[in-house]
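Here is a short tour of one protein chain, written for someone just starting out with structures. Have a look at the picture, and then we'll begin with a single residue and work outwards.

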Amino acid sequence: MRRRRSAQPARRAGCALDEVEPRTPIAPADIPVTITASGSYYLTGSVSIGAPLGAVITIDAADVSLDLNGFTIDGAGNADFGVQITSSGGVAVKDGVVRGCVGAGVAGLTADDVRLERLRLHNNSAENAIVRDRATLLHCNAIDKRRERL
């Protein structure tokens, strides 16, 4: 027995990611950038800082997800911070490398509910990560040859 084909085109079982969770790209050419609106953001390429700079990425909004997308933020001894969180909280930073910053790789002293996931933080001069007591760190790797602390 043969199945009849429908005259209507077949529907896809799933949706595109941007339909489910719209995400905003951050290109290396956009750096430095300040995020001022809630939402989901992702890095589109690795970044190396060649001139003195405060923060590579500043998050100044609550309820922000920043996906480094496997890329590297390299302060190269020129950036104070790789990611600086100045909002009240509800921020997640995940999936990438932050290294070579003069201050901290990730700084979030004013923010509650900070979540750092699958980050490799290394050789940041002051600290690899500075966050408040209620922060969550999952599967992060911090390496600093000068001292043994995060």
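## Starting at Gly45

Gly45 counts as buried because its relative accessibility is 10%, and the cut-off for buried is under 20%. Keep in mind that what you're looking at is a predicted model. You'll find Gly45 in the loop between strand 3 and strand 4 (47-48).

So who sits around Gly45? Leaving aside its neighbours within four places in sequence, Gly45 is in contact with Pro28 and Phe71. Take Pro28: Gly45 and Pro28 are 17 residues apart along the sequence, yet their C-alpha atoms are 6.0 Å apart in space.

## Stepping back to the whole chain

Now zoom out. The protein chain has one helix and 14 strands. Of its 150 residues, 39% are buried. The surface that the chain exposes comes to about 8900 Å², with carbon and sulfur atoms supplying 48% of that area.

The chain also brings together residues from distant parts of the sequence. Take the contacts between residues at least 6 apart in sequence: 49% of them join residues at least 24 apart.

## An open sheet of five strands

Strands of a sheet pair through backbone hydrogen bonds, either parallel or antiparallel. Here, five strands form an open sheet in the order 2-5-8-10-12, and the pairing is parallel. At the edges are strand 2 (33-35) and strand 12 (127-131), each of which pairs on one side only. On average, neighbouring strands of this sheet are turned by 20° against each other, direction ignored.

Let's walk across part of the sheet. Strand 2 pairs with strand 5 in the parallel sense over three bridges, and Thr34 stands opposite Thr58 in strand 5. Next, strand 5 pairs with strand 8 in the parallel sense over five bridges; here Ile59 stands opposite Ile85 in strand 8. Then strand 8 (residues 79-85) and strand 10 (residues 104-108) pair in the parallel sense over two bridges, with Ala107 in strand 10 as the bridge partner of Gln84.

## More parallel pairs

Strand 3 has pairings of its own. Four bridges join strand 1 (residues 23-26) to strand 3, and these two run parallel. As an example, Ile26 stands opposite Leu43 in strand 3.

Strand 3 is also joined to strand 6 by four bridges, again running parallel. In this pair, Gly39 stands opposite Val64 in strand 6.

## The nonpolar core

How many residues does the largest nonpolar core have? It has 31 residues, and those with the most contacts inside it are Val56, Ile57, Ile59, Leu66 and Val93. Among the elements that give two or more residues to this core are strand 3 (39-43), strand 5 (53-59), strand 6 (64-67), strand 9 (89-99) and strand 11 (112-122).

Strand 5 is mostly covered, with six of its seven residues buried. Ile59 is a good one to click on: not counting residues up to four places away in sequence, Ile59 touches Ile35, Val64, Leu66, Val83 and Val93, among others. The list of residues it touches also includes Ser87, which we'll visit next.

## Ser87 and Asp80

Is Ser87 buried or exposed? Ser87 counts as buried because its relative accessibility is 6%, which falls under the 20% cut-off. Ser87 has its place in the loop between strand 8 and strand 9. Its side chain reaches the backbone nitrogen of Gly89 at 3.4 Å. Leaving aside neighbours within four places in sequence, Ser87 is in contact with Ile59, Asp60, Ala61, Ala62, Thr110 and Ala111.

Asp80 makes a nice contrast. This residue lies in strand 8. Asp80 counts as partly exposed because its relative accessible area is 35%, and that label covers values between 20% and 50%. Once its neighbours within four places in sequence are set aside, Asp80 is in contact with Leu53, Gly54, Cys101, Val102, Gly103 and Ala104. If you'd like a distance to check, try the C-alpha atoms of Asp80 and Val106: these residues are 26 apart along the chain, and the atoms are separated by 9.9 Å.

Methods
Residues are numbered from 1 along each chain as its sequence is written. This is a predicted model: local features need pLDDT of at least 70, side-chain atom pairs count only at pLDDT 80 or more; totals for chains, interfaces and linings use all residues. Side-chain values use heavy atoms; hydrogens and water are left out. Buried means under 20% relative accessible area, exposed over 50%, partly exposed in between (1.4 Å probe, protein chains only). Contact means heavy atoms within 4.5 Å. Accessible areas come from the Shrake-Rupley method with a 1.4 Å probe; for residues, only the protein chains shown count as cover. Two strands pair if DSSP finds at least two bridges between them. Axes are lines fitted to C-alpha atoms, for helices over the stretch in contact, and angles run from 0 to 180 degrees between N-to-C directions. A nonpolar core is a set of buried Ala, Val, Leu, Ile, Met, Phe, Trp, Tyr and Cys residues joined through side-chain atoms within 4.5 Å. A polar contact is a pair of N or O atoms within 3.5 Å; within protein, one must be able to donate a hydrogen and the other to accept it, and residues adjacent in sequence count only if both atoms are side-chain atoms.
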